[in-house]
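Biologist: Please take a close look at one part of this model, the way its strands pair into a sheet, and then follow that pairing outwards to the contacts between chains. I would like one connected account rather than a list.

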There are 4 protein chains.
Amino acid sequence: MKYGLVGASGRMGGEIRRIFSAHELCYTLDITGETGEGVPEVMVDFSQPSALGATLAAVRRFSCSLVIGTTGLSEAQLEEVKDLGRSVPVVQSFNFAAGVTLFKMILREFGPLFADWDVEICETHHNKKKDAPSGTAILLRDALGRDCPAHSLRMGGVPGDHSVIFASEGELFSLTHRAISRSVFAYGALRAAEFAAAAQPGFYSFEEVLTCGRKTS
Amino acid sequence: MKYGLVGASGRMGGEIRRIFSAHELCYTLDITGETGEGVPEVMVDFSQPSALGATLAAVRRFSCSLVIGTTGLSEAQLEEVKDLGRSVPVVQSFNFAAGVTLFKMILREFGPLFADWDVEICETHHNKKKDAPSGTAILLRDALGRDCPAHSLRMGGVPGDHSVIFASEGELFSLTHRAISRSVFAYGALRAAEFAAAAQPGFYSFEEVLTCGRKTS
Amino acid sequence: MKYGLVGASGRMGGEIRRIFSAHELCYTLDITGETGEGVPEVMVDFSQPSALGATLAAVRRFSCSLVIGTTGLSEAQLEEVKDLGRSVPVVQSFNFAAGVTLFKMILREFGPLFADWDVEICETHHNKKKDAPSGTAILLRDALGRDCPAHSLRMGGVPGDHSVIFASEGELFSLTHRAISRSVFAYGALRAAEFAAAAQPGFYSFEEVLTCGRKTS
Amino acid sequence: MKYGLVGASGRMGGEIRRIFSAHELCYTLDITGETGEGVPEVMVDFSQPSALGATLAAVRRFSCSLVIGTTGLSEAQLEEVKDLGRSVPVVQSFNFAAGVTLFKMILREFGPLFADWDVEICETHHNKKKDAPSGTAILLRDALGRDCPAHSLRMGGVPGDHSVIFASEGELFSLTHRAISRSVFAYGALRAAEFAAAAQPGFYSFEEVLTCGRKTS
């Protein structure tokens with residue numbers, strides 16, 4: 001697969017190049033300009049909202065697919081990205097960790113069946129993290145569909161653990177996700193890129209990538 | 001709720017009486033005969049296959065619901081139980097732990113989305129347990145739909161822990177069930193009895209009790 | 001071993017009789033009076049402070065050993081118990097769970113070697129428990145010798161889990177205790193009784209029972 | 001602190017430079033020769049047994065401390081390293097993970113107090129790892145001082161988890177170590193280097209570094 005990369009010189013850009021090493025990087029777009037030869041099948045952008053205009057222009061020029069994980073996009077920018085999905089395959093998400101996405105889907109679907117169980121959330125992150133509970137903990141609680149206590153541990157260099165724990169009088173059932181490394185998003189981006197390179201035009205969530213293009217409710 | 005109990009003098013019978021203490025036990029059927037006054041709304045049987053004939057006769061006589069968790073029923077006996085579902089509500093399962101049932105349902109539905117993750121099972125039981133892997137571990141592996149290593153720890157007085165662990169290059173996701181006490185089946189029986197007392201005639205699985213009568217595939 | 005039991009008719013008394021079933025109960029002392037024939041080698045008291053006088057009188061009469069786990073003893077009462085240790089073997093503790101005691105000993109000895117690690121405590125108990133953090137969590141934090149966050153989950157029927165978690169930039173190390181059943185104290189009492197029946201006169205902690213009579217600092 | 005580094009261009013050399021970034025690298029020794037200006041206070045060697053001669057010569061020339069984590073040293077080589085401890089501070093270990101070392105120390109000291117508990121070991125590593133059980137699992141079992149089952153899970157990209165689990169009839173107690181990243185050894189090397197730079201001449205284990213130079217049995 002030939003791919004293009006926006007923000008190739010940043011930290012996330014470096015991770016993507018490393019995880020995409022079996023594929024050919026044939027185009028880069030950076031604050032310093034464009035480089036490249038050949039036409040990418042898919043463009044990957046995990047950079048800044050300010051880069052969006054140049055990214056969209058390049059995608060249109062190449063008529064290639066787009067995988068975009070940039071956070072902080074405005075409503076108007078998100079609309080532009082959705083519009084692009086009318087002509088090419090676009091995968092957009094604010095979280096490209098497959099495990100977190102599946103965790104969320106399980107909670108959304110099975111949470112109601114645990115309605116009469118107690119539930120609490122426990123999450124652990126490195127001691128530099130300022131916010132508590134984590135964005136992922138909030139996302140999981142939203143998927144669960146009911147409020148519950150969330151405990152935040154801030155310790156050492158832990159990349160990120162999240163547990164949702166259910167308990168009844170006689171049983172305990174817990175679901176736990178652990179990010180092994182910060183490369184996790186790059187693996188998700190790779191999966192999305194392989195999906196997007198072969199998909200029909202459309203605007204896809206990362207859930208749809210994981211469920212093979214089947215639209216989820 | 002008025003209930004009848006088959007095998008009231010056995011260990012499981014004692015557990016059921018304890019967990020059903022908010023309800024009225026108005027009929028018992030045992031190897032020593034019947035006792036009771038009044039008509040039960042639901043009959044509960046977690047005894048022996050040999051008791052089935054007497055149980056079915058009593059249910060027909062009272063025209064009450066039936067919750068049956070007896071293991072070791074023959075094919076022919078199971079057919080008889082199903083037939084009874086044409087005239088009264090019947091809940092039948094070989095495992096009345098709600099958490100195990102939900103665990104199984106999650107694996108059956110989401111297992112395919114973890115197809116490219118590694119998976120292993122780990123289970124811990126008390127050191128008197130002879131079989132390994134446990135029946136529940138086998139049931140979970142069947143629900144998962146693919147073979148995988150299963151590790152069995154046999155230690156102390158542990159009632160029963162089961163973990164299904166998925167790992168990819170960058171993430172780990174695990175689901176863990178713990179039986180807190182051996183009362184867990186009695187809690188499930190209570191839930192099934194409350195469901196059966198109010199249900200339409202039919203033959204229901206414990207999954208359907210948990211999903212409120214919605215037929216599951 | 002012949003043993004006597006104070007508070008034989010209470011819940012804890014029942015547990016002790018069950019766990020001590022390999023031994024001979026030859027004396028009971030209760031609010032309703034004494035029963036028994038024969039001389040116990042060891043007296044076991046997990047009852048109320050108000051019973052202490054009668055317990056001490058009986059121990060002196062039989063010149064037997066004493067295992068006492070009664071909580072809420074006054075300073076003066078504790079002194080009386082210690083005095084008794086001059087003539088017979090006495091084991092006294094406010095917590096007869098072997099695992100909790102060993103956990104405490106590990107933290108007291110190794111806690112200082114984790115001085116440059118982050119540390120937090122997480123404990124889970126049934127949803128009827130009012131106090132948080134639990135007495136055991138406080139005891140573990142004291143043994144650790146430094147203040148740290150303690151997270152309390154109150155869920156279902158969990159008898160009691162306690163974790164002390166250390167993390168550095170590159171490692172995570174956790175110690176976890178789980179009470180499997182409420183019989184755990186009766187098992188500790190049995191161990192203490194077997195120790196006391198064979199010991200020299202003296203006043204012993206449960207730690208000394210576990211370390212075989214070696215005085216701990 | 002000024003330090004020298006043997007094998008600076010290797011993977012482990014790169015990790016050490018990254019973790020030692022607050023210190024000044026003033027000397028390197030590699031297959032391609034020496035570079036550097038100034039005299040290191042401590043030399044760090046996590047390279048190959050074949051480099052030992054050059055390392056020892058450089059340490060003698062600078063009369064500096066040595067931290068050596070090279071694996072595969074012969075008996076004769078190890079003797080040479082010990083001899084060097086007569087004139088300069090030398091820290092030698094085959095495992096510089098602080099958590100693993102503390103884990104081992106806890107088991108060695110407290111293992112005997114769990115003699116009447118069941119015990120099993122569970123360890124998880126990435127699916128590229130060939131050997132099972134892991135070297136660390138064997139080291140922990142040796143520290144425990146009794147044989148026990150060891151379960152090895154080989155999954156995804158897990159850097160390395162190790163659990164030693166004890167269970168009695170009424171309690172479960174587990175100790176778990178998780179390597180967060182492969183940098184863990186470099187952190188231990190840093191700690192050893194800071195210790196060695198300030199120590200008296202002698203031959204020290206990593207345990208002694210963690211216990212501040214106090215000789216351990």
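Modeller: Two strands are taken to pair if DSSP finds at least two bridges between them, and with that criterion in hand the sheet can be read strand by strand, bearing in mind throughout that this is a predicted model. In chain B there is an open sheet of 7 strands, whose order is 3-2-1-4-5-6-11 and whose pairing is mixed. Its edges are formed by strand 3 (33–36) and strand 11 (202–204) of chain B, each of which pairs on one side only, and from one strand to the next the twist averages 15°.

Within that order, strand 4 (residues 42–45) and strand 5 (residues 65–68) of chain B are joined by 4 bridges and run in the parallel sense; in this pairing B:D45 stands opposite B:I68 of strand 5. Helix 6 (residues 184–198) of chain B packs on the sheet, where it touches strand 1 (2–6), strand 4, strand 5 and strand 6 (89–92) of chain B, and the direction of helix 6 makes about 160° with that of strand 5.

A further parallel pairing can be followed in chain A, which has 7 helices and 11 strands: strand 7 (residues 118–125) and strand 8 (residues 150–154) of chain A are linked by 5 bridges, and A:T124 stands opposite A:L153 of strand 8. In a regular strand the side chains alternate between the two faces of the sheet. Strand 8 of chain A shows such an alternation, since A:H151 and A:L153 point to one face and are buried, whereas A:A150, A:S152 and A:R154 point to the other and are not buried.

Strand pairing also crosses from one chain to another, for strand 10 of chain A is joined by 9 bridges to strand 10 (residues 171–179) of chain B, the two running antiparallel, and A:S174 has B:T176 as its bridge partner. Altogether, 27 residues of chain A are in contact with 27 residues of chain B. On the chain A side, the elements that give two or more residues are helix 4 (98–110), strand 10 (171–179) and helix 6 (184–198), and of these strand 10 gives the most, with 9 residues. By kind, the residues on that side of chain A comprise 15 nonpolar, 9 polar and 3 charged.

Another relation between chains concerns B and D: a turn of 180° with a shift of 0.0 Å along the axis lays chain B on chain D with an RMSD of 0.1 Å, which is the relation of a two-fold axis. In chain B the C-alpha nearest that axis belongs to B:H151, 3.3 Å from it, and 100% of the contact residues of chain B recur in chain D, so that the same surface serves both copies.

As for the setting of these strands in the whole of chain A, its 217 residues would, as a compact globule, have a radius of gyration near 17 Å, and the value of 19 Å for chain A agrees with this. Of those 217 residues, 50% count as buried, and among contacts in chain A with a separation of 6 or more, 66% come from residues 24 or more positions apart.

Note on methods
Residues numbered from 1 in each chain as written. Chains lettered and ligands numbered in written order. Predicted model: local features only at pLDDT ≥ 70, side-chain atom pairs only at ≥ 80, totals over all residues. Contact = placed C-beta atoms within 7 Å. Nonpolar A, V, L, I, M, F, W, Y, C, P; charged D, E, K, R; others polar. Rg over C-alpha atoms; globule rule 2.2 N^0.38 Å. Buried ≥ 20, exposed ≤ 12 C-beta atoms within 10 Å, placed from the backbone. Axes fitted to C-alpha atoms, helices over the stretch in contact; angles between N-to-C directions. Least-squares fit on C-alpha atoms with pLDDT ≥ 70 in both.
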